[in-house]
Amino acid sequence: MDGTLYSTGAPIQGAPEVLRRLQRNGVPYRLVTNTTSRSRSGLVDRLKGYGFEVSPEDIFSATLAGARLARAAGHRAVAPFLPEPAMEDLKDLDLVGGTSGKAPAQAPQAVIIGDLGDRWDYHLVQEAFEYLMAGAELIALSRDKYWLKDGRLALDAGPFVAGLEFATGKSALVAGKPSPAFYQAAVESLGTRSGSSVAMIGDDLWSDVDGAQRAGLEGWLVRTGKFRESVLRESGIKPDRILESIADLG
């Protein structure tokens with residue numbers, strides 16, 4: 001969504017009309033996002049403020065996928081490292097430590113890493129490290145490298161996940177893009193299992209394009225958001241289609 005439907009506090013020109021055209025023509029879609037700064041209901045409110053007509057069921061988020069991963073693994077007590085507004089989507093878990101504001105009575109069973117942006121500091125990283133060394137499982141809501149913020153590229157959650165993996169020797173379970181399971185669940189929610197008939201459209205070469213292709217979907221790249229021509233040339237990734245923006249979706 002961020003960088004594809006909207007960017008720097010405004011909708012991409014023509015993007016709301018694209019969604020309305022899909023709805024009018026009966027083309028199924030899902031808005032899949034690694035954004036962890038807001039809950040799904042908060043994302044709906046934001047999109048509506050930009051002129052998009054969407055419902056919560058249209059959105060498939062990494063935070064909700066992370067909650068499912070934790071439940072499937074039998075974890076109840078988890079330490080969230082993500083902004084407070086997003087914790088609404090983790091409400092059926094026992095949130096302790098991290099940014100929950102609740103001191104843990106015992107070591108959490110899992111650590112969930114989202115994007116804290118400039119809220120990251122040494123003490124938070126150290127706390128997550130100690131939980132992991134005590135046996136907690138590492139769940140990454142994304143491995144995204146960076147995103148576009150206020151006209152600048154800003155570090156996303158991926159570098160912090162990689163640092164914790166390096167320090168602990170543990171590999172993270174990735175809940176959101178580019179996890180194949182995440183894409184599979186999103187496709188199945190559309191009522192189809194045919195990856196050849198589904199395209200993922202986004203501005204992230206690794207999570208959106210390469211991740212979708214590895215999951216059996218087509219990966220389409222937009223030249224908006226964090227797109228950089230030099231990064232495309234050097235990445236070795238070949239999108240199935242390149243659009244100037246989502247407005248070119250015909």
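**View 1. Two helices help wall in the largest cavity of this predicted model.** Helix 7 (205-214) and helix 8 (229-235) each put at least two residues into the lining of the largest cavity. Here's the lining in full: Lys145, Tyr146, Asp203, Asp204, Leu205, Trp206, Leu221, Lys226, Phe227, Arg228, Val231 and Leu232. Sorted by class, that gives seven nonpolar and five charged residues, with no polar ones. The space inside comes to about 80 Å³. A search of the whole structure turns up one cavity of 30 Å³ or more.

**View 2. Lys145 parks its charge over Trp206.** Two residues from the cavity lining, Lys145 and Trp206, are back for this close-up. The charged end of Lys145 sits over the Trp206 ring, 3.9 Å from the ring centre.

**View 3. Arg241 covers a face of Trp220.** Here's another charge over a ring: Arg241 lies over the face of Trp220, at 4.8 Å from the ring centre.

**View 4. Phe81 and Trp120 make a stacked aromatic pair.** The structure holds six aromatic pairs, and the Phe81 and Trp120 rings make up one that is stacked, 6.2 Å centre to centre with 5° between the planes. Phe81 belongs to strand 5 (residues 77-81), while Trp120 comes from the loop between strand 7 (110-113) and helix 4 (122-133), so the pair ties together parts that are 39 residues apart in sequence. Are these two rings buried or exposed? Phe81 counts as buried because its relative accessibility is 0%. Trp120 counts as buried too, at 10% relative accessibility.

**View 5. Phe182 and Tyr183 meet edge-to-face.** The ring planes of Phe182 and Tyr183 are at 75° and the centres are 6.2 Å apart, so this pair is edge-to-face. Both Phe182 and Tyr183 are buried. Look for Phe60 as well: Phe60, Phe182 and Tyr183 form one aromatic cluster.

**View 6. Ser7 is a buried residue in strand 1.** Strand 1 covers residues 6-7, and Ser7 lies in it. With a relative accessible area of 11%, Ser7 is buried, because the cut-off for that label is under 20%. Which residues does Ser7 touch, leaving aside those up to four places away in sequence? Its contacts are Asp2, Ile12, Leu148 and Gly225.

Technical notes: Residues are numbered from 1 along each chain as its sequence is written. This is a predicted model: local features need pLDDT of at least 70, side-chain atom pairs count only at pLDDT 80 or more; totals for chains, interfaces and linings use all residues. Side-chain values use heavy atoms; hydrogens and water are left out. On a 1 Å grid over the protein atoms alone, a cavity is a set of points where a 1.4 Å probe fits but cannot get out, and a pocket is an open set with protein on both sides within 12 Å along at least five of seven lines; lining residues have an atom within 4 Å of a point. Grid points are joined across faces, edges and corners, and a volume is the space filled by probe spheres set on the points. Helices (H or I, at least four residues) and strands (E, at least two) are DSSP runs, numbered from the N terminus. Ala, Val, Leu, Ile, Met, Phe, Trp, Tyr, Cys and Pro count as nonpolar, Asp, Glu, Lys and Arg as charged, and the others, Gly among them, as polar. Rings of Phe, Tyr and Trp (its six-membered ring) pair if their centres lie within 6.5 Å; planes under 30 degrees apart count as stacked, over 60 as edge-to-face and the rest as tilted. Buried means under 20% relative accessible area, exposed over 50%, partly exposed in between (1.4 Å probe, protein chains only). A charge sits over a ring if NZ of Lys or CZ of Arg is within 6 Å of the ring centre and within 35 degrees of the ring normal. Contact means heavy atoms within 4.5 Å.
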